[in-house]
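Colleague: Could you show me how to read strand pairing, burial and backbone angles in a model such as this one?

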Amino acid sequence: MKVSNKSTSYTFKNGNQLTIGPRVSKKMVLKKNYTHYIILISDEEGAQETLQMITNTHPEAEVLHFPLRHADVTQKRFQHLFKHYAQLIFILLNASVRINVYMSCSAGIHRTGTMAYFLLRRFELSTEQAKEALYQMRP
């Protein structure tokens with residue numbers, strides 16, 4: 001399977017944007033296009049290094065870390081991560097300024113696609129609309 005490095009955004013009704021794609025790079029962070037980064041990799045995959053790089057390069061950005069290891073989303077694991085997910089929904093719904101979120105795991109496909117799907121469904125998109133939005137965001 002060939003993974004595209006291209007990523008595009010989905011714009012929510014309130015103007016906030018969600019972009020999904022491959023692992024965050026320093027070059028990407030230096031552009032400072034995003035107000036929030038959601039990192040879906042485990043510490044074993046280099047999460048701490050990625051989080052530190054974002055913090056050092058773009059200290060104004062908010063970073064949320066969902067330490068998912070290879071799509072390990074058991075019921076117990078999801079309950080542990082739900083507080084972060086709830087925080088993310090709150091941010092997207094209640095931001096007083098427009099925000100631009102970049103969400104990534106290692107390749108930007110499985111974990112990222114799953115979490116993005118949850119968000120799109122939460123914002124009242126139908127199953128088919130959420131799937132279509134994901135296809136457009138990550139061809």
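Colleague: How many bridges join β3 to β5?

Modeller: In this predicted model, strands β3 and β5 are joined by four bridges and run parallel, and one position to look at is Ile39, which stands opposite Ser104 in β5.

Colleague: Which strand is joined to β5 by five bridges?

Modeller: That is strand β2, residues 17–21, which runs parallel to β5; within this pairing, Thr19 has Tyr102 as its bridge partner.

Colleague: Where does the chain pass on its way from β3 to β4?

Modeller: Begin with the pairing itself: β3 (residues 36–39) and β4 (residues 62–65) run parallel with four bridges between them, and Tyr37 stands opposite Val63. The connection from β3 to β4 goes through helix α2, residues 47–57, giving a β-α-β crossover that is right-handed.

Colleague: Are the residues of β5 buried or exposed?

Modeller: Burial is read from relative accessible area, with under 20% counting as buried. Strand β5, residues 100–104, has five of its five residues buried, and this holds for both faces, with Asn100, Tyr102 and Ser104 on one side and Val101 and Met103 on the other.

Colleague: What is the phi of Lys32, and where is this residue found?

Modeller: Lys32 has a positive phi of about 55° although it is not a glycine, and it is found in the loop between α1 (26–30) and β3.

Colleague: Why does Lys32 count as partly exposed?

Modeller: The range for that class lies between the buried limit of 20% and the exposed limit of 50%, so Lys32, with a relative accessibility of 41%, counts as partly exposed.

Key. Residues numbered from 1 in each chain as written. Predicted model: local features only at pLDDT ≥ 70, side-chain atom pairs only at ≥ 80, totals over all residues. Heavy atoms only, no water. Pairing = 2+ DSSP bridges. Helix = DSSP H or I, 4+ residues; strand = E, 2+ residues; numbered from the N terminus. Right-handed = clockwise from strand over helix to strand, strands pointing away. Buried < 20%, exposed > 50% of the residue type's maximum accessible area, 1.4 Å probe, protein only.
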